[in-house]
There are 2 protein chains.
Amino acid sequence: MAPRAPFVPPEILLLGPGPSPVSPRVLAALAAPPLGHLDADFVRLMDRVQEDLRTVFGTRNRFTLPISATGSAGMETCMVNLLEPGDRAVIGVHGVFGERMKDLAVRQGAEVVEVRSEYGRPLDVERMAAAIAAGPTQLVGFVHAETSTGVLMPPEEIVAAARRAGALTVLDCVTSLGGTEVALDTWGVDAAYSGTQKCLSVPPGLAPLSFSDAAMQRAAHRARKAPSWYLDVNLLGGYWGGGRVYHHTAPVNMVYALATGLDEVLEEGLTARFARHRAIARALVRGLEPLGLQPLVPEACRTPMVTAISVPDGVDEAAVRRHLRAAHAIEIGGGLGALKGRIWRVGLMGHGATMTSVLRVLAGLADALRAQGRRVDAAEAMRAAQA
Amino acid sequence: MAPRAPFVPPEILLLGPGPSPVSPRVLAALAAPPLGHLDADFVRLMDRVQEDLRTVFGTRNRFTLPISATGSAGMETCMVNLLEPGDRAVIGVHGVFGERMKDLAVRQGAEVVEVRSEYGRPLDVERMAAAIAAGPTQLVGFVHAETSTGVLMPPEEIVAAARRAGALTVLDCVTSLGGTEVALDTWGVDAAYSGTQKCLSVPPGLAPLSFSDAAMQRAAHRARKAPSWYLDVNLLGGYWGGGRVYHHTAPVNMVYALATGLDEVLEEGLTARFARHRAIARALVRGLEPLGLQPLVPEACRTPMVTAISVPDGVDEAAVRRHLRAAHAIEIGGGLGALKGRIWRVGLMGHGATMTSVLRVLAGLADALRAQGRRVDAAEAMRAAQA
């Protein structure tokens, strides 16, 4: 038959809550010819990826690997392995990803106690600690950097409360990993997961995950097998660990890309990378006021990777995003759940966390707001960002 | 820090049971810059992928899409959505992937009736039908082309027996899709899944899947939610269907690659592609006898995509594979489960189903067998293959 027209995606600057921009070097790695999933050269690459993931997660956990699915499957891996019917789980909910964690815990038949905070504010540590202490608790879960609101939740105190109660902790590091400090061993977190498409700047498709020995013990001694075969950490350990027992066919090319993305992260150095994310986020925030815009989240608990911006009264939220995409080739995100229509989300993550990104998105926002009849000082926004 | 040495995979001819070789065109598509997972251009590509998958699955099922994980997650999607605790499931087991299906059904709390056949032989249709009729049955599952043995199991009669009993059928099309006829609607199959890394010749990472309306109804009316959030078809339908509701972040670049792989499949045409797979598999089999080798599976039930070759007495199975990899840059597979050490598996799938592949693997096998002191007629094997 006739050749079909190829799909050529437009070049869009990805400044939404993810996926983030990917470097040419990572894209080139993705396009290398696949090896077999049990090939000796691929197995060596798996070892390297595991070791590099331990570095970015701040852990020596042996079981540290990328789950062969996108970030939410990392959350699911924690819940299907660590919860059994009747377990008591305390879940902190301060955004859409906390809601998802709660949903997943309910699906496992757990007795779920949720501790809610307003979207855009951090969790209340005392209420979390009280809920944990109120009954024998098997699992405590919450989100480190809430992608839906841009709030960074320091995990130390909640993790300490969970440990006092003998509960395992699950920490969502989807947006934090590679963009701000993650220190699982120092904090005492038992299970954590992330996605490749945020601050690691790799396309979506893998969920880096780490389980402590205590978490692995819990999974190994369940009363009955986890409902998931694909995400069963006992089986995954047989493939990624020493035995190299065939489990599933790993997404080989995505592992190439992740390995190369981790090369870029570690060549830059974690400390320098975190500083870059902070500096670039501050530059964006400085540029907002001349445009008549305000961040949703107070500075003290704002995460640098994703900045939520309140939509001013009278501005058409979706129209601004459409204008940015159509006229400026920029993607930014809208709000989710309770914040739908009320915020924009600008992600400055990984390869996209640059002053060029800040200036382009400020210029685009200024133009989109002017198109809606707002008075904005675009030149002052640029100056403020670079001040 | 210092730049790290890049990982450059060697060029290996992938003639194992998967992953299969990937064309430069598909690799180039994989390396295009990502779009957002809700971007309008990406959404159009999703529609195209869904329509092309319907064509290769032989169905008009609305719910036809790639699951964002590798092939086994397709199997898991069927089981976690279509089974509830206490359901009766009849699973045909004639290889490792039937065993996996049984394991997954057990994990859902189903009452599982297994109907076993010897590895390397097809399922016994009468025993399957009798097991289905022996009690109220909710689900019947089996494998179309058993990747672990190379047996092709014609599905019509078992599916008809399941329909008479009012049971849904689940068909594993991991190795068959794109390499031999799959006709879900003609056969009356309710749920089927595949992987991208077999006869579609796309890297591993996605699981094409199709559910009939009856299967979707079953999933929609469960007594309780599926244990999996990531694979819940009710939620996936909201993202891939008309609503485009955010669910998870799709592996965007893998979808580019799948779209391009489907372009190649449909440009060739399904009929021509199936004929090519049959002709190439026959060429391989003709070349085996001069090497003193025999296929495991009788011709009548042999699948063209994967040929299992019995290891002759006195030959070191693993040493032959190591020799092929080291001296000829070819990957072939060994046996799994009951067939471990007893067979090699040669996959001639998709982009790898060529006469060049046949000649290279025959030459490699001849050389590896000679290295073990066997007398083989390599020249005659080449002649026979091309006869």
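Mentor: A residue is buried if 20 or more other C-beta atoms lie within 10 Å of its own, exposed if 12 or fewer, and partly exposed in between, with C-beta atoms placed from the backbone. The model is predicted: local features need pLDDT of at least 70 and side-chain atom pairs count only at pLDDT 80 or more, whereas totals for chains, interfaces and linings use all residues. Residues are numbered from 1 along each chain as its sequence is written, while chains are lettered from A and ligands numbered from 1 in the order in which they are written.

Trainee: How many other C-beta atoms lie within 10 Å of Ala329(A)?

Mentor: Ala329(A) is not a glycine, yet its phi is positive, about 55 degrees. This residue sits in the loop between α12 (317-328) and β13 (330-331) of chain A; helices (H or I, at least four residues) and strands (E, at least two) are DSSP runs, numbered from the N terminus. Ala329(A) is partly exposed, because the number of other C-beta atoms within 10 Å is 13.

Trainee: Which helix supplies the largest share of the side of chain A that touches chain B?

Mentor: Residues are in contact if their C-beta atoms, placed from the backbone, lie within 7 Å. The contact takes 66 residues from chain A and 66 residues from chain B. On the side of chain A, the helices that each supply at least two residues are α1 (24-30), α2 (40-57), α3 (71-82), α4 (96-107) and α10 (252-268). The largest share, 8 residues, comes from α10(A).

Trainee: How many degrees does the arc of the buried residues of α2(B) cover?

Mentor: Helix α2 (residues 40-57) of chain B has 18 residues and reaches 26 Å from its first C-alpha to its last, close to the 26 Å expected at 1.5 Å a residue (1.5 Å times one less than the number of residues). Phe42(B), Met46(B), Val49(B), Asp52(B), Leu53(B), Val56(B) and Phe57(B) are buried in α2(B). They lie on the same side of α2(B), because their arc around the axis (that of the directions from the helix axis to the C-beta atoms) is only 135 degrees.

Trainee: Which residues on the other side of α2(B) are exposed?

Mentor: An α-helix has 3.6 residues a turn, so residues three or four places apart point the same way. On the other side of α2(B), the exposed residues are Arg44(B), Asp47(B) and Glu51(B).

Trainee: To which residue does the cis peptide bond from Gly18(A) lead?

Mentor: This bond has omega near 0 degrees. The residue sought is in the loop between β1 (13-14) and α1 of chain A. The cis bond from Gly18(A) leads to Pro19(A).

Methods. Contact = placed C-beta atoms within 7 Å.
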